[in-house]
Amino acid sequence: MVLTRLRTIAMLMCLMVTSGLASQSSPANRPWPPGVQKVSNESPVLSPADALKTFFMPPGYHLELVASEPLVQDPTVMDWDLNGRLWVVEMTGFVRDLQAKEPNLDPIGHVAVLEDTNHDGVMDKRTVFADNLILPRALKVLDHGVLVGEPGSVWLMRDTNGDLKADTKELITHAYGRLEGSVEGNANSLYWGLDNWIHTSGTDVFFRFKDQKVEVQSTLLRGEWGATQDDAGRIYRNTNESALHVDFVPTQYFMRNPTLLRTRGSYDSLEDENNELNTVWPVRPNPGTNRAYQAGVDRADGTLARFTSVCAPMVYRGDRLPAELYGNVFVADPAGNIVSRIVLNDDGTTLRARKAYENAEFLASTDERFRPVYISNAPDGALYIVDFYRGIIQDRASTTVYLRDHIMSRKLDQPTGLGRIYRVVHETTKLDSTAPFANATPAQLVEALSHMNGWRRDTAQRLLVERYAKPVAPALVKLAESAADYRTRLHALWTLDGLDSLDPATVTKALDDSSRDVRASAIRLAEKWLGTPNHPIQADVLKRLDDADWSVREQLAASLGALPAGPRETAVASLLERYACVMTGTYSESGPGAMTTPAA
């Protein structure tokens, strides 16, 4: 054991000396689509510089190395703070070898903070914020501290003296999955959404920052690893072989009815009838998946045919990559050594999803150890990819005899303690180098709600809500009513809601907004007053029964449940008469929302 550890340390030092981190990037403008490359039957550890040579991307795109071992080790999740520092969860205890106990409850995980002190785009300083963690798996950097998720628990950790090290640790909940649960199938994600809720995956709780405290509420378990949102605030997740699922209406509506069997409209798969959305195009054969021995898992050329470990969905909402990427969803498949790009479009009845390329992926590697496990938007407007860089990516308890033999034959069980973080850029990219919001005033945060970069809009909203900046309410009302960009109007409305400063007049105006996404949010926000008998806003909400847009009607179907008894049943019946074929349980107009009424 000591000898193995010494060899690992020696390899890390060798990689550290030879990698030369500054200004390293992957080759650009390789032949496209790349096709299947010829690779060795061995899978040695590659230095960061050599690993970069293994990547294939569409013309004009390439990767830049941001961090690698030993500065970062076993990274699985990342986030940003207001100074542009990169925070990383390091799941050091994940399958250290095929004989180790599982789950590995040794407290050897970390949360580390990486800094670029010379502003060359490469991280060069590491500070361990928190250590002695058991399989840490979620992270959210807040103004009031840092939320950290371990199996079974979520903690609010604080640095009280400015040294970037946690001094206090407050328990938020012990209901975040199970301590001794599956390594893969356990709670994860802490994603602050447009609605000011912190959304999760793989667990039945989610959170909200309210009255200077983190509240815990029950929800339905959804997804496997990762969560994200689009500009309208819809939450997306996925699981293993299914690339993308969406909440057309928020999942909490389905908590109203404990006997509800179907939850149409929540966590709906966006795969098409031909399952083409789940087809993948690696650039190397993939014998190292759990069931590659079964017919149909791999193609005749040895490449994986469909997703088998898809995870980490992320809607790109930055402003420094080509506009065609905005609103696209990126997902990772570490077993296939790929990152896929999915294009969303509205066909007038619902959202549709398709792969962006025929016979190719947005990012693919010939290195079997390339394990993309997390994707992130960023303050600089680019897209970041976390590479676990491990030979083993399957939890030991689920590893087949076939995969075990493959791992041992290629010596994939060692080493551990590696990891890389990459930045996706285009040949036209000019990164945003302005400091995020370290010293921003409330007025500057209000202004940032109009920023073109979704990360900055989201962060500005969160800070205003966390700081309970009620004095800016008049400025927010003005934005909600007259901002040119509908996204700004949405952020203004939900910020007002988070500040407990939303009034019926502002919501009533939003119900007639030109943007369907603003109208849908306004319906949801109107629920504050829908339960009040004879409140004037009820009539304004019911006007949306004839709204031309499917997504507005779906939200209306869920929100009608907030009406008092009597008006509620009348409104639901009217909605069903217009849009649902009740006898067959099908729809007269496509889309899941019209039948959401059981949750009402």
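Leaving aside its neighbours within four places in sequence, which residues is N186 in contact with? The model open in your viewer is a predicted one, and N186 is a convenient place to begin.

**Stop one: N186.** Select N186, which is found in the loop between β10 (168-176) and β11 (188-192), and display its surroundings. Once the neighbours within four places in sequence are set aside, N186 is in contact with R137, P151, Y176, G177, R178, G181, S201, G202 and E224. At 4% relative accessibility, N186 counts as buried, because the cut-off for that word is under 20% relative accessible area. Now add S182 to the selection, and you will find that the side chain of N186 reaches the backbone oxygen of S182 at 3.5 Å.

**Stop two: aromatic rings.** Turn next to the side chains of Phe, Tyr and Trp, among which the count comes to 13 aromatic pairs. Select F94 and F388, whose rings form an edge-to-face pair, 5.6 Å from centre to centre and with 70 degrees between the planes. F94 lies in the loop between β4 (86-90) and β5 (109-115), and F388 in the loop between β25 (383-387) and α3 (401-409), so this pair ties together parts that are 294 residues apart in sequence. F94 is buried, with a relative accessible area of 6%, and F388 is also buried, with a relative accessible area of 2%. Moving on to W197 and F206, you will see ring centres 4.4 Å apart and planes at 15 degrees, so this pair is stacked; W197 and F206 are both buried. Before leaving the rings, select F55, F370 and Y422, which form one aromatic cluster.

**Stop three: charges over rings.** Which residue lies over the face of F56? Select R30, and you will find it over that face, at 4.3 Å from the ring centre of F56. Then show K169 together with W155: here K169 lies over the face of the W155 ring, at 4.3 Å from its centre.

**Stop four: the largest pocket.** Rolling a probe the size of a water molecule over the atoms shows where empty space is left. The largest pocket holds about 790 Å³ of space. To centre the view on this pocket, select E184, N240, T308, S309 and Q394, which are the closest to its centre of the 42 residues that line it. Colouring α3 is also worthwhile here, as the largest share of the lining, 3 residues, comes from that helix.

**Stop five: the backbone.** Most residues other than glycine have a negative phi, and most peptide bonds are trans. With that in mind, select W32 and P33, where the peptide bond from W32 to P33 is cis, with omega near -5 degrees; P33 lies in the loop between α1 (2-19) and α2 (48-52). Another cis peptide bond joins E69 and P70, with omega about 5 degrees, and P70 lies in the loop between β2 (61-68) and β3 (75-80).

For the last selections, look at two asparagines. N275 has a positive phi, near 60 degrees, and is found in the loop between β18 (268-269) and β19 (311-315). N337 likewise has a positive phi, near 60 degrees, and is found in the loop between β20 (329-333) and β21 (338-346). Is N337 buried or exposed? At 1% relative accessibility, N337 counts as buried.

Notes:
Residues numbered from 1 in each chain as written. Predicted model: local features only at pLDDT ≥ 70, side-chain atom pairs only at ≥ 80, totals over all residues. Heavy atoms only, no water. Phe/Tyr/Trp six-rings, centres within 6.5 Å; stacked < 30°, edge-to-face > 60°. Helix = DSSP H or I, 4+ residues; strand = E, 2+ residues; numbered from the N terminus. Buried < 20%, exposed > 50% of the residue type's maximum accessible area, 1.4 Å probe, protein only. Lys NZ or Arg CZ within 6 Å of the ring centre and 35° of its normal. Polar contact = N/O pair within 3.5 Å; in protein donor to acceptor, adjacent residues only side chain to side chain. Contact = heavy atoms within 4.5 Å. 1 Å grid on protein atoms, 1.4 Å probe; cavity = no way out; pocket = protein on both sides within 12 Å on 5 of 7 lines; lining within 4 Å. Points joined across faces, edges and corners; volume = space filled by probe spheres on them.
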